[in-house]
Amino acid sequence: EVQLVESGGGMVQPGGSLRLSCAASGFTFSMYDMSWVRQAPGKGPEWVSRINTGGSTNYADSVKGRFTISRDNAKNMVFLQMNSLKPEDTAVYYCNELRGGNYYYPWGQGTHVTVSS
């Protein structure tokens with residue numbers, strides 16, 4: 001079955017950095033675009049970043065210039081380097097992908113990111 005396992009979150013001070021990882025299994029990872037999505041307390045999912053099969057990237061305006069998405073197809077992994085973190089980045093971060101307006105894959109456990117002093 002499809003599994004997406006996120007890791008790497010934690011608590012950091014504003015201005016700090018974290019590198020999130022997503023390990024995928026159960027599908028041919030290299031053939032699909034992948035996104036990072038986050039959900040803050042009391043909020044709906046917010047798309048953060050996407051990397052396509054060729055390595056091209058897109059970012060939400062809220063994270064542009066601070067976050068970098070990458071992938072390693074040999075390891076079936078996608079990463080999110082998060083720099084200059086702000087309190088408003090506090091959320092649970094998931095890997096997934098939109099198809100036809102819906103998040104297609106089953107949700108993993110997510111990884112919690114808390115940015116606070």
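**Exercises on Ser35 and the Cys22–Cys95 link**

Ser35 is buried, with a relative accessible area of 1%, where buried means under 20% relative accessible area with a 1.4 Å probe and protein chains only. The model is predicted, so local features need pLDDT of at least 70 and side-chain atom pairs count only at pLDDT 80 or more, while totals for chains, interfaces and linings use all residues. Residues are numbered from 1 along each chain as its sequence is written, and side-chain values use heavy atoms, leaving out hydrogens and water.

**Exercise 1.** Place Ser35 in its strand and find the side chains with which Ser35 makes polar contacts.

*Solution.* Begin with the strand: Ser35 lies in β4 (residues 34–39), a strand being a DSSP run of E with at least two residues, numbered from the N terminus. Next, apply the polar contact criterion, a pair of N or O atoms within 3.5 Å, of which, within protein, one must be able to donate a hydrogen and the other to accept it, residues adjacent in sequence counting only if both atoms are side-chain atoms. The side chain of Ser35 then pairs with that of Arg50 at 3.4 Å and with that of Glu97 at 2.5 Å.

**Exercise 2.** Identify the disulfide and describe its setting.

*Solution.* Look for cysteine sulfur atoms within 2.5 Å; the count comes to one disulfide, formed by Cys22 and Cys95 with their sulfur atoms 1.8 Å apart. The angle about the S-S bond is 70 degrees, and the link is right-handed. Cys22 belongs to strand β3 (residues 18–25) and Cys95 to strand β9 (residues 91–96), so the pair ties together parts 73 residues apart in sequence. Finally, both Cys22 and Cys95 are buried.

Conventions
Helices (H or I, at least four residues) and strands (E, at least two) are DSSP runs, numbered from the N terminus. Buried means under 20% relative accessible area, exposed over 50%, partly exposed in between (1.4 Å probe, protein chains only).
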